[in-house]
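Trainee: I would like to learn how to read a structure like this one with some care. Could you take me through it feature by feature?

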Amino acid sequence: MAAVTALFAVSWSMLLVSSGGRLAPAVLATAVVFTALAAALTVRGALVLLGRHDVWAAVGVSLVTEAVFAVERPSLIVVGLRCEPTAATVLVAIGFGPRRLAWPVSLAVIGAQIAASWPMDGPAAAVQGTWPVLAAAVAAAVLGPLLRTAGARADAAQEQALTAGATAARAQARREAHHRFQDLLHDEVSSALRAVSMPGIATTQVRQACRSAVDALLRVPAAPGQAADLAALLTRLTAGGGPPLSVEVSGAVPVPAEVAEAALGAAAEAVRNAVRHAEAQALKVRLRGDEHGFVLSVADDGVGFSPAGVQVSSVGLRRSVLRRMADVAGTAEVHSSPGDGTTVRLVWQRARAVRTGEFRGAAAETPDRMASIRAAVGDVRRPLAAVCVPYLLATGVVAAIHTVRSPRVSWLMVWYVLLAAVTVALLLRARTAIGGRAAAAASAFAVGGAVGSFLVIPTSGIADDTSWPIGAVTPLLTVLVIVRPPWEALLALVLEQAGVVLVLLAGPPFADSWGESVAKAVPALFAPALGVGMGLAIGQTVARLGAAVMRANAERAASAAVESARQAREAVHRRRLADLDEEILSFLRRTASGDLSPQASQIRVRARMLDLAVRDELHLPGALGRSTRELLGAARAEGCVVTIQSDADHPPPPDLLRRLLTCALGTGPAPSDLILSVEPRPSALLVSLVTLPGDPARAAALRKALTGTSAVVEDGTESTWVEVSTHAAGVVAPPTAVPIDGDSAIGAPAAG
């Protein structure tokens, strides 16, 4: 609105300057008042929201102006200028006034314009002179509701995206929390229980290991976005009573908290492996980096190992080191050979994390102009059609009238039909893309026809509707100024205006003076400038608003995702912790603060059994439950050897596992051996259970419990065997090769 009224203010100011005092006092006063109104609407439209007071002011000025025109019949006020007070009123009324009064007010001022022009121009010309106003009214009436609807649709879509982002963040956080808890079980809990169960370890070291495990279990997971100094955290790293450990850092290394946590955990696991298995005499930890990334190495002088010989089914190195770094878009390398020690190298780069999109600190890409416009209005073709189609139709009516009056200019009608077809074609392609060559060709065709029309139209025709070809290019340039780089349409507009001005300068003045000729020509020249200016202002404003909406929603989505991730991470941690609290956490607490000597043997046995339960949990996270773990513990106490082989990233449904183990261990005496295997397939999990020796009663119980499934149960003297194929969400085919130097604690046998 500000762009439109600014052009109105300029055109009427030029009239005041060029009239040379030849306007009647009433006409002069009216021109001054309308110029002031247009200037006020320009300022208010740019700075505040227009309202009903602006509508009534515009209505009053418009009616008074038409009354003065009807009485004075000023010859200097050409049709283009005469339309502007009415057009301004209609646009303000429909765009910003009360809805119930918008059309009555608009029809009233349009009727007033027809009544004022009737005595001067005749009925046909008076009605014809309202076509720019009618086109503006229809465009405003269609565009307003359409933009509101598009905005509501865009808000709904953004809300859906917000919900989807939060849901995805919760799922990702649950996976990360699951991984983190598995790492805690392996690194802290199992290590502490193993220390308790092994004779010969100093009591202070055992208590310290238990306290460390309890602290790690109770520590709230770090939230994404927080910062931490990895160098400061590394200074707390110890070898737990092992060989001398030197930590070398060079300055602060500020990184996201989740990155620091992953790197510190991976380094601690590398140190534990060296203490337990490498027979190292010295350990060296070295950190080099800054806020952009770091390289952290843990080196020992121990016996080393052959990476190719590490069992793939093991869990230590793969989970505690490799996956930890992979979860934060980092990398881990293990270099070792027999007799030459081992070096674990951890690398993280912020730029890589942002580039791969795996790190939550990644910056959102800046949307391009069309993406911003689409975010604000959805399908840009609909508002463009609302603006351009009424103008095309109204111009077509005027072109047809003048073609009937002057058959010798019928070629202009052909040109206009082609121009309208090109405009519609470009409009239909506005949602995807309009090529630069197509836009340039369309602009050249439009500008050439508009300027060439003055070969057959007299220069005096610029003062009335005879010069309709000048404004006929407006819809096409409006489309281009929004969907193409704005300078292209502006260049075409300048070329058209310059061509028309040169044609006028080449001919004789069509008014009493050059100033009067300019004043009469300005409204016709402003017709395309008005459309392009409106399109430019709307396009730029909508693009800015769309970009602001996208940024705001991206920030909301990021905040919601972080909060959802935090809640999901803490919920998973609390649930897993509660599941282990009575059995394991309470044992670690008592051991960390109690006297180990009176019942040392019983405590060691209990620690060994709990360590085996933790190992089961590592293979089958969250799938066993307390009652099932008690059955496994009782079977082991009776001498049953339990072996579990599973990919913990894809555990089977808990209900199936519990039914299998409850039937296998709750029917008759405990078997001598129980082997449970879970193997991921492309679209399912294959669960196998073998008990030794065979037992008909156990087989019958399993068949009954698995009725309705795809289970196959067979029994013989040597074994009872069950195989079940079950579908599970997120199951993927296992990799054909394991990329690194092993999966487990360095030199350690497979757990189970």
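Trainee: To begin with a single residue, is Asp121 buried, partly exposed or exposed?

Mentor: Before the answer, please keep in mind that this is a predicted model, in which local features need pLDDT of at least 70 and side-chain atom pairs count only at pLDDT 80 or more, while totals for chains, interfaces and linings use all residues. Residues are numbered from 1 along each chain as its sequence is written, and side-chain values use heavy atoms, with hydrogens and water left out. The terms are set by relative accessible area: buried means under 20%, exposed over 50%, and partly exposed in between, with a 1.4 Å probe and protein chains only. Asp121 has a relative accessible area of 35%, so the residue is partly exposed.

Trainee: With which residue does Asp121 form a salt bridge?

Mentor: A salt bridge is a side-chain nitrogen of Lys or Arg within 4 Å of a carboxyl oxygen of Asp or Glu. Asp121 forms one with Arg82, and their closest N and O atoms are 2.7 Å apart. This pair links distant parts of the chain, since Asp121 belongs to helix 5 (residues 99-121) and Arg82 to helix 4 (residues 79-96), 39 residues apart. Helices (H or I, at least four residues) and strands (E, at least two) are DSSP runs, numbered from the N terminus. Arg82 has 6% relative accessibility and therefore counts as buried.

Trainee: How many salt bridges does the structure hold?

Mentor: The structure holds 13 salt bridges. Among them is the one between Glu188 and Arg272, whose closest N and O atoms are 3.9 Å apart. Glu188 lies in helix 7 (residues 131-197) and Arg272 in helix 10 (residues 257-277), so this pair ties together parts that are 84 residues apart in sequence. Glu188 is buried because its relative accessibility is 18%, and Arg272 is buried with a relative accessible area of 17%.

Trainee: Which residues does Glu269 touch?

Mentor: Contact means heavy atoms within 4.5 Å. Leaving aside residues up to four places away in sequence, Glu269 touches His186, Asp187, Ser320 and Val321. Glu269 is placed in helix 10, and its relative accessible area of 0% makes the residue buried.

Trainee: In what order do the five strands of the open sheet stand?

Mentor: As a general idea, strands of a sheet pair through backbone hydrogen bonds, either parallel or antiparallel. Two strands count as paired if DSSP finds at least two bridges between them. Here five strands form an open sheet in the order 2-4-5-7-6, with mixed pairing. Strand 2 (245-249) and strand 6 (331-336) stand at the edges, each with a single partner strand, so one side of each is left without a neighbour in the sheet.

Trainee: Where do the side chains along strand 6 point?

Mentor: The side chains alternate: Ala332, Val334 and Ser336 point to one face and are buried, whereas Thr331, Glu333 and His335 point to the other and are not. Strand 6 pairs with strand 7 (residues 342-349) in the antiparallel sense over six bridges, and His335 stands opposite Thr343 in strand 7. The hairpin of strand 6 and strand 7 has five residues between the strands, and Gly339 in this hairpin takes a positive phi near 90°.
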